[in-house]
Amino acid sequence: MDDIMFTSSSERLVREFKASMQSKFEMSDLGQMKYFLGVEVSQGDQGVFICQRKYTNELLDKFGMVDSNPVRNPIVPRTKLSIEGDGVPVDETQYKQLIGNLLFLTATRPDIMFVVCLLSRYMAKPTRLHMMSAKRVLRYIKGIAEFGIQYHRKGQGRLIGYTDNDFARDKDDRKSTGGYVFFLAGGAISWASKKQPVVTLSTIEAEFVAVASCAAHCIWLKRVLEQMGWGESVAGATTVFCDNNFTIKLSKNPVLHGWSKHIDVQFHFLKDLVKDGVVELVYCGTKVQIADIMTKELGLEVFEQLRTQLGVMKNEKAVGVAGV
């Protein structure tokens with residue numbers, strides 16, 4: 001599909017919405033959106049670029065990190081946080097404010113989604129180690145405050161997803177962390193990193209729960225995009241990449257479900273989705289599993305590589321897109 005950024009149906013939907021709003025409220029049409037709720041939007045012939053540069057700089061100033069030294073990754077590899085931390089308590093209000101501000105920043109920065117969601121687990125009783133880890137995220141975004149997501153007009157026209165998990169990573173309750181990311185037009189459009197609601201007994205089961213959660217979100221995305229006139233992008237089965245072959249087999253072969261009877265039945269709807277052709281699970285190697293950035297701490301080289309694959313970059317790299 002040559003032009004996927006603006007279809008005739010989506011343009012019509014926008015025109016109808018504006019006409020409806022203007023008929024009920026006194027308002028003016030200011031043209032293409034450039035700034036909305038802290039998100040800067042730059043639109044050009046080649047695509048759309050979104051970022052939160054101004055919000056990032058305000059955040060650094062708010063927490064006194066303007067003069068801090070930048071770092072290249074938001075969390076040190078092999079960092080293991082827990083409820084206890086180093087035991088020295090810190091101001092809960094300040095910590096909650098910092099995490100809340102960082103959560104808002106994840107609207108255009110999927111590269112910090114994992115660490116921010118990880119740190120949000122400790123808002124009830126934060127310690128000095130948690131605060132230090134949160135401030136490292138500020139030091140990370142300081143070095144690349146101008147980064148955002150680039151969507152290309154002639155980018156990938158099909159909705160695709162990646163899903164992954166980190167088995168029993170939480171030291172406090174041994175629940176796994178699952179994550180997914182969906183792509184359209186060459187950039188990430190939806191992503192999540194979340195502790196799983198059940199304790200799983202194997203990597204296969206943890207992966208299965210993660211894939212089921214991803215598939216549920218996939219169905220929601222497909223319905224939204226269809227309403228927006230992007231039906232061609234979500235027609236047929238949506239490809240979801242998973243790096244565990246046994247999980248893919250488990251979704252197709254009901255005989256294997258005997259391995260995982262203790263998992264809540266809500267996750268077994270994945271089998272029906274695969275059977276009905278709504279979702280197609282495809283194996284991908286661990287080295288090309290983009291959703292890894294949503295579930296675990298990564299080495300610097302791998303982190304920067306996956307960050308680029310998410311579509312997170314500087315605006316100046318997007319040829320033909322006007323500067324913000």
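Here are a few exercises on this structure, each with a worked solution.

Before you start, note that this is a predicted model, where local features need pLDDT of at least 70, side-chain atom pairs count only at pLDDT 80 or more, and totals for chains, interfaces and linings use all residues. Residues are numbered from 1 along each chain as its sequence is written, and side-chain values use heavy atoms, with hydrogens and water left out.

**Exercise 1.** Work out which strands stand at the edges of the sheet β1-β2-β3-β4-β10.

*Solution.* Start with the vocabulary: strands (E, at least two residues) and helices (H or I, at least four) are DSSP runs, numbered from the N terminus. Two strands pair if DSSP finds at least two bridges between them. Next, read the order: this open sheet has 5 strands, β1-β2-β3-β4-β10, with antiparallel pairing. β1 (35-36) and β10 (312-314) each have a single partner strand, so one side of each is left without a neighbour in the sheet. Now look inside the sheet: β3 (residues 47-51) pairs with β4 (residues 147-152) over 5 bridges. In that pairing, Phe49 sits opposite Gln150 of β4.

**Exercise 2.** Describe the sheet that holds β9, and find the helix that packs on it.

*Solution.* The order here is β7-β6-β5-β8-β9, an open sheet of 5 strands with mixed pairing. Its edges are β7 (187-195) and β9 (279-283); each has a single partner strand, so each has one side without a neighbour in the sheet. On average, neighbouring strands are turned by 20 degrees against each other, direction ignored. Take β8 (residues 238-242) next: this strand pairs with β9 in the parallel sense over 5 bridges, and Cys242 stands opposite Tyr283 in β9. The helix you want is α8 (residues 245-252), which touches β8 and β9 and makes about 150 degrees with the direction of β9. Contact means heavy atoms within 4.5 Å; axes are lines fitted to C-alpha atoms, for helices over the stretch in contact, with angles from 0 to 180 degrees between N-to-C directions.

**Exercise 3.** Two arginines, Arg78 and Arg174, have a positive phi. Say where each one lies and how exposed each one is.

*Solution.* First, the background: most residues other than glycine have a negative phi. Arg78 has a phi of about 70 degrees and lies in the loop between α2 (53-62) and α3 (92-105). With 71% relative accessibility, Arg78 is exposed. Buried means under 20% relative accessible area, exposed over 50%, and partly exposed in between (1.4 Å probe, protein chains only). Arg174 has a phi of about 60 degrees and belongs to the loop between β5 (160-166) and β6 (177-184). At 46%, Arg174 is partly exposed.

**Exercise 4.** Look at three of the salt bridges: what does each one join, and where?

*Solution.* A salt bridge puts a side-chain nitrogen of Lys or Arg within 4 Å of a carboxyl oxygen of Asp or Glu, and the structure holds 12 of them. Begin with Lys54 and Glu58, at 2.5 Å from N to O; they are 4 residues apart in helix α2, about one helical turn. Move on to Arg72 and Glu304, whose closest N and O atoms are 3.0 Å apart. Arg72 is in the loop between α2 and α3 and Glu304 in helix α10 (residues 300-309), so this pair ties together parts 232 residues apart in sequence. Finish with Asp292 and Lys296, at 3.1 Å, which are both buried.
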